[in-house]
Amino acid sequence: MKCPNCNNDVIIKELNDKKYAVCDSCKKIYDLDKLIAIRSKKIMQNDTFRPTKIVISILASSLIIVIAVIAALLGTPAESSVSHTAPPKDMAETSSVKKTKSRKSATDRSDSEVTAKDENIPKEFQSAVNSAANYSNIMHMSKTGIYNQLTSEYGDQFSAEAAQYAIDHINVDWNENALQKAKTYQDEMNMSPAAIRDQLISEYGEQFTTEEADYAISNLH
C-alpha cells in the first residue's frame with residue numbers, strides 16, 4: 001500500500017488493538033481501515049462506469065413530455081402544473097432566526113474555555129483526548145504531529161475543535177517526547193545528532209519545535 005503523502009510504501013503496525021499504516025519516508029501515520037476505505041472509494045469513483053445520470057436524464061425527459069401532453073389535453077398551460085408557492089413569511093423568519101441562533105451558539109461554544117470538570121463535554125472531545133494521550137505516551141509524537149494525526153483525513157478525522165481541546169488537556173512533557181523520539185533514531189537507525197535534529201524539526205518529519213529538538217540532542221548519550 002502506498003502513502004497518500006509521498007506515494008512510498010507504508011509499514012503496517014498495531015497499537016492498542018488498532019492497526020496503523022506508517023510511512024518511514026515522510027513519517028506520516030494513517031488509520032489502516034480508513035486509509036483502505038478512502039483508497040477504495042477513490043478507485044471506484046475513477047474507474048467505475050455509473051449509468052445513473054443517463055437513466056435519470058431519460059426519466060426526466062419522459063416526465064416532461066407526459067406533463068406537457070396532460071396539460072394540453074386539459075387545456076392547462078404546462079407551467080402551471082408546478083406550484084411555486086413561497087413559504088409563509090412567519091415560517092421563513094422563524095427559520096432564519098433559528099439558523100442565526102445556531103451559528104451564534106456554535107461560535108460561543110468554540111470561543112469559550114472548556115474545562116475537564118464540564119459535564120457537557122462532547123463525547124468527540126473526550127475520545128480525542130484519549131487518542132492524543134495514546135499517541136504521546138506510546139509513540140512520543142510532537143504537539144503538531146498529534147494535532148495533524150487527530151484531524152487527518154487518513155487518521156482519526158476529529159474536528160479541529162476536538163483536536164485542539166485534546167492538545168490543551170493532555171499532560172505532556174514535549175521535551176521528553178522529543179528526547180524519546182531522538183533515542184529511537186539513534187538506537188534503531190544509527191543517525192547522527194545533526195541528522196536526528198533535522199528529522200525532529202522537519203515539517204515532513206516529527207514537527208517538534210527547535211527548542212524541544214535542542215533539548216533532545218543535548219540529552220542524548
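This report covers one helix crossing and one aromatic pair in a predicted model.

Residues are numbered from 1 along each chain as its sequence is written. Local features need pLDDT of at least 70 and side-chain atom pairs pLDDT 80 or more, while totals for chains, interfaces and linings use all residues; side-chain values use heavy atoms, without hydrogens or water.

**Helix crossing**

Helix 7 and helix 9 (DSSP runs of H or I, at least four residues, numbered from the N terminus) have axes that come within 8 Å and cross at roughly 55°. The two helices are therefore oblique to each other (neither under 35 degrees, over 145, nor 65 to 115). In helix 7, Trp174, Asn175, Glu176, Ala178, Leu179 and Ala182 meet Glu211, Glu212, Tyr215 and Ala216 of helix 9 (contact means heavy atoms within 4.5 Å).

Tyr215 lies in helix 9 and touches Asn175, Glu176 and Leu179, leaving aside residues up to four places away in sequence. Tyr215 is partly exposed, at a relative accessible area of 31% (buried is under 20%, exposed over 50%, partly exposed in between, with a 1.4 Å probe and protein chains only).

**Aromatic pair**

The structure holds one aromatic pair (ring centres within 6.5 Å, using the six-membered ring of Trp). Phe125 and Tyr165 form this pair, which is tilted (planes neither under 30 degrees apart nor over 60). Both Phe125 and Tyr165 are buried. Phe125 is in helix 4 and Tyr165 in helix 6, so the pair ties together parts 40 residues apart in sequence.

| Residues | Separation |
|---|---|
| Phe125 and Tyr165 | 5.1 Å, centre to centre |
| Tyr215 and Ala178 | 7.8 Å, between C-alpha atoms |

Notes
Axes fitted to C-alpha atoms, helices over the stretch in contact; angles between N-to-C directions.
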